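Hi,

Here is the structure I said I would pass on to you. Have a look through it, and then read my notes underneath.

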Amino acid sequence: IGSGKRSSMKIQLGDLEVAYTVQGVGPPVVLIHGLAEDKTSWSGVQDWLEDFRTLAYDFRGHGETTLGEADGTLEQLGSDLIAFLEQVTGPAQCVGYSLGGTLVLWTAMQRPELVTAAVVTGTSTVVGRQAVGFFDERIRMIEQDFDAFAPALQKDTALQIVNSAVDLEAVTAGRLEAVGNGGGYVNASRAMMRLHENPLTPLLAKIQCPVSVIGGTEDVFCPRKAADIMLAELPNGSYQEVANAGHLLSVDQPEAYATAIHTALQRQN
């Protein structure tokens, strides 16, 4: 699967130069990656979704997208997605992984006319105290002891993978490249930390479009409980599970993950 050509593009959106890839032909689908990732994390999924026009962009300070005047808020990262939808695709289905999923949900609340359907994978709408401590520590490393960050990211990555056949060093190297000097990671971590005091959960009832929630059976970062919390509030939510997958579903079970996303998109289209 996946013979289509993937094109690389750049566009100026407000204070950002945004890099993105386009592949496939059909209704538009915008793909939003997670923390310490970039648009390349969607390559396998884009190959699988050739009957859609998929657009995967690097969010603020990740991959090839500039950091701009970053303010460490979900609102700013969500507004970046709104700008992309307004100026590049128009109304579209949106697929978000982890933090990307949180951004999709926020955008579907704020601008319902732009998000025709949402698929959120490995996503949570609230962050616990332990996660706040984790983000705090990683921010401190990037700002004060950057040499310690690479081994820490490798350890974090290992905890997100259950498939022993995966090349951990190669995955970590790709993630380090996406992080660059760490400015975008710090910014996105600060945005995530705010979900501790201000969870999105109570606002989910405002989302009227269909929302497909996809989770990995072995995901300890966003376990089934995180999905259930969202599904209890979403007026039009459904759930799919990917077996034998940790938080990094695209790495653990690439084919099953892409198939689950494809099923969700076809159901809504």
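Below are my notes on cavities, salt bridges, cysteines and a couple of single residues.

One thing to keep in mind throughout: this is a predicted model.

**Cavities**

I'll start with the empty space inside. The count comes to two cavities of 30 Å³ or more. The largest holds about 50 Å³ of space, and its lining is made up of Glu37, Ser41, Trp42, Tyr97, Leu249, Ser250 and Tyr257. Sorted by class, that lining has four nonpolar residues, two polar ones and one charged one.

The second largest cavity has about 40 Å³ of space. Among the residues lining it are Gly122, Thr123, Cys222, Pro223 and Tyr239. Which elements each supply at least two residues of this lining? They are strand 7 (211–216) and helix 8 (224–233). Strand 7 gives the largest share, with three residues. The class make-up here is seven nonpolar, three polar and no charged residues.

**Salt bridges**

Next, the charged pairs. Side chains of opposite charge can pair when their charged atoms come close. In this model the count is eleven salt bridges, and three of the pairs are worth walking through.

Take arginine 60 and aspartate 15, whose side chains meet in a salt bridge at 2.8 Å, N to O. This pair links distant parts of the chain, 45 residues apart: arginine 60 sits in the loop between strand 4 (53–57) and helix 2 (74–89), and aspartate 15 in the loop between strand 1 (7–13) and strand 2 (16–23). Are the two partners buried or exposed? Arginine 60 has a relative accessible area of 2%, so it is buried, whereas aspartate 15, at 34%, is partly exposed. If you follow the pair a little further, you'll find a network of salt bridges that links Asp15, Arg60 and Asp80.

Another pair is glutamate 64 with lysine 39, a salt bridge at 2.6 Å, N to O. Here too distant parts of the chain are linked, 25 residues apart: glutamate 64 is in the loop between strand 4 and helix 2, while lysine 39 is in the loop between strand 3 (28–32) and helix 1 (43–48). Glutamate 64 counts as partly exposed because its relative accessibility is 44%. Lysine 39 is buried, with a relative accessible area of 7%.

Then there is aspartate 156 with arginine 138, where the closest N and O atoms are 2.8 Å apart. This salt bridge runs between two helices: aspartate 156 belongs to helix 5 (residues 149–159) and arginine 138 to helix 4 (residues 129–144), and the two residues are 18 apart in the chain. Both aspartate 156 and arginine 138 are buried.

**Cysteines**

How many disulfides does the model have? The count is zero. Cysteine 209 is in no disulfide, and the nearest cysteine sulfur, which belongs to cysteine 94, is 8.5 Å away. With a relative accessibility of 12%, cysteine 209 counts as buried. Cysteine 222 is in no disulfide either; the nearest cysteine sulfur is again that of cysteine 94, at 19 Å. Cysteine 222 has a relative accessible area of 11%, so it is buried too, and you'll remember it from the lining of the second largest cavity.

**Two single residues**

Histidine 262 is in helix 10 (residues 254–268). Its relative accessibility is 15%, and because the cut-off for buried is under 20%, histidine 262 counts as buried. What is histidine 262 in contact with, leaving aside neighbours within four places in sequence? The list is Trp48, Leu49, Asp51 and Phe52.

Glutamine 208 lies in the loop between helix 7 (183–197) and strand 7. This one is exposed, with a relative accessible area of 56%. Again leaving aside neighbours within four places in sequence, glutamine 208 is in contact with Pro235 and Asn236. For asparagine 236, which is 28 residues away along the chain, the C-alpha atom is separated from that of glutamine 208 by 6.5 Å.

Cheers

Key. Residues are numbered from 1 along each chain as its sequence is written. This is a predicted model: local features need pLDDT of at least 70, side-chain atom pairs count only at pLDDT 80 or more; totals for chains, interfaces and linings use all residues. Side-chain values use heavy atoms; hydrogens and water are left out. Helices (H or I, at least four residues) and strands (E, at least two) are DSSP runs, numbered from the N terminus. Buried means under 20% relative accessible area, exposed over 50%, partly exposed in between (1.4 Å probe, protein chains only). Contact means heavy atoms within 4.5 Å. On a 1 Å grid over the protein atoms alone, a cavity is a set of points where a 1.4 Å probe fits but cannot get out, and a pocket is an open set with protein on both sides within 12 Å along at least five of seven lines; lining residues have an atom within 4 Å of a point. Grid points are joined across faces, edges and corners, and a volume is the space filled by probe spheres set on the points. Ala, Val, Leu, Ile, Met, Phe, Trp, Tyr, Cys and Pro count as nonpolar, Asp, Glu, Lys and Arg as charged, and the others, Gly among them, as polar. A salt bridge is a side-chain nitrogen of Lys or Arg within 4 Å of a carboxyl oxygen of Asp or Glu. A disulfide is a pair of cysteine sulfur atoms within 2.5 Å.
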